[in-house]
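Let's walk through this fold together, following how its helices pack and where space is left between its parts. Please open the structure and keep it in view as we go.

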Amino acid sequence: RLDRAKAKPLHEFASALSSRTPGAFLVNGEVIANPLTFYEFAADQQWSGRPTLFGIAHNDLHGGNLLVHRRNPIAKDYWIIDLALSNVQPAGFDHAYLELAHILYCIGDRDPTLLIDLLRLIDNPHEKHLVPSGTKWLVDVIQLMRRSIDRWLGKSRRLDDLSRQFVLAQVAAGLNWANKRDLSEEKRTTA
């Protein structure tokens, strides 16, 4: 996805989104760095490497690949299926991919700026905001997933490095989803 020749539609889409603000997307009052432009910039830098935590990744973790017990989903075990794309890689991608799958499922083809509103809500839980219509479940799911990751990260002595790794995993998941051919323009923009 980072190679323009192998993901030309993704690069053209990102360039069109950032045509007014080169190197960034302006969405609902937020300036978001264009990850493809940042990658090109970073590739030329002489930065020292950072420690990376590796783990087994599913690489296509979404609700369709999770089986839960129909009558008692909380008390019973769940199963992850379709492991054809799994491999060892930096940790965090599956969490980010699953989170974005839920976001795209819930938001659908609605205005992509809705995601910015939701993330503001999630990132500032002590501020009082109305939850946009039809998104309460999504806010609860993302908050639960992020609390779980925060608890896990809190047990590490490498918190800064792992936090950065998980942010990069979110960017990678967004690029992965935005590169899918059958995604609507609204969903691609949300990703």
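At roughly what angle do the axes of H3 and H5 cross? This is a predicted model, and in it the two axes cross at roughly 170 degrees and come within 10 Å. Angles over 145 degrees count as roughly antiparallel, and H3 and H5 are therefore roughly antiparallel to each other.

Let's look at the side chains in that contact. On the H3 side you will find His95, Leu98, Glu99, His102, Ile103, Cys106 and Ile107, which meet Trp137, Leu138, Val141, Ile142, Met145, Arg146 and Ile149 of H5. Sorted by class, the contact of H3 with H5 holds 10 nonpolar, two polar and two charged residues.

H5 has another helix to deal with, namely H4, which spans residues 113-123. The axes of H4 and H5 also come within 10 Å, but here they cross at roughly 50 degrees. That angle makes H4 oblique to H5, and the crossing is right-handed. From H4, the contact takes in Leu118, Leu119, Ile122 and Asp123, while H5 brings Leu138, Val139, Ile142, Gln143 and Arg146. By class, that gives six nonpolar, one polar and two charged residues for H4 with H5. If some of the H5 names sound familiar, that is no accident of reading: Leu138, Ile142 and Arg146 are among the residues that meet H3, and they are also among those that touch H4.

Now return to H3 and turn to its contact with H6, the helix of residues 159-178. These two pack at an angle of about 50 degrees, with their axes 8 Å apart. H3 and H6 are therefore oblique to each other, and H3 passes H6 in a right-handed crossing. The H3 residues involved are Phe93, His95, Ala96, Tyr97, Glu99, Leu100, Ala101 and Leu104, and their partners in H6 are Phe166, Ala169, Gln170, Ala172, Ala173, Gly174, Asn176 and Trp177. The contact of H3 with H6 is made up of 11 nonpolar, four polar and one charged residues.

With the helices in place, we can look at the space beside them. The second largest pocket holds about 780 Å³. Its lining has 20 residues, of which Leu66, Val68, Tyr78, Leu98 and Met145 are the closest to the centre. Strand S4 (66-68), strand S5 (78-80), H3 (93-107) and H5 (136-154) each give two or more residues to this lining. H5 provides the largest share, six residues. Overall, the lining divides into 13 nonpolar, four polar and three charged residues. Leu98 and Met145 link the two parts of our tour: both belong to the contact between H3 and H5, and both are among the residues closest to the pocket's centre.

Technical notes. Residues are numbered from 1 along each chain as its sequence is written. This is a predicted model: local features need pLDDT of at least 70, side-chain atom pairs count only at pLDDT 80 or more; totals for chains, interfaces and linings use all residues. Side-chain values use heavy atoms; hydrogens and water are left out. On a 1 Å grid over the protein atoms alone, a cavity is a set of points where a 1.4 Å probe fits but cannot get out, and a pocket is an open set with protein on both sides within 12 Å along at least five of seven lines; lining residues have an atom within 4 Å of a point. Grid points are joined across faces, edges and corners, and a volume is the space filled by probe spheres set on the points. Helices (H or I, at least four residues) and strands (E, at least two) are DSSP runs, numbered from the N terminus. Ala, Val, Leu, Ile, Met, Phe, Trp, Tyr, Cys and Pro count as nonpolar, Asp, Glu, Lys and Arg as charged, and the others, Gly among them, as polar. Axes are lines fitted to C-alpha atoms, for helices over the stretch in contact, and angles run from 0 to 180 degrees between N-to-C directions. Angles under 35 degrees count as roughly parallel, over 145 as roughly antiparallel, 65 to 115 as roughly perpendicular and the rest as oblique. Contact means heavy atoms within 4.5 Å. A crossing is left-handed if the near helix is turned anticlockwise from the far one by less than a right angle, and right-handed if clockwise.
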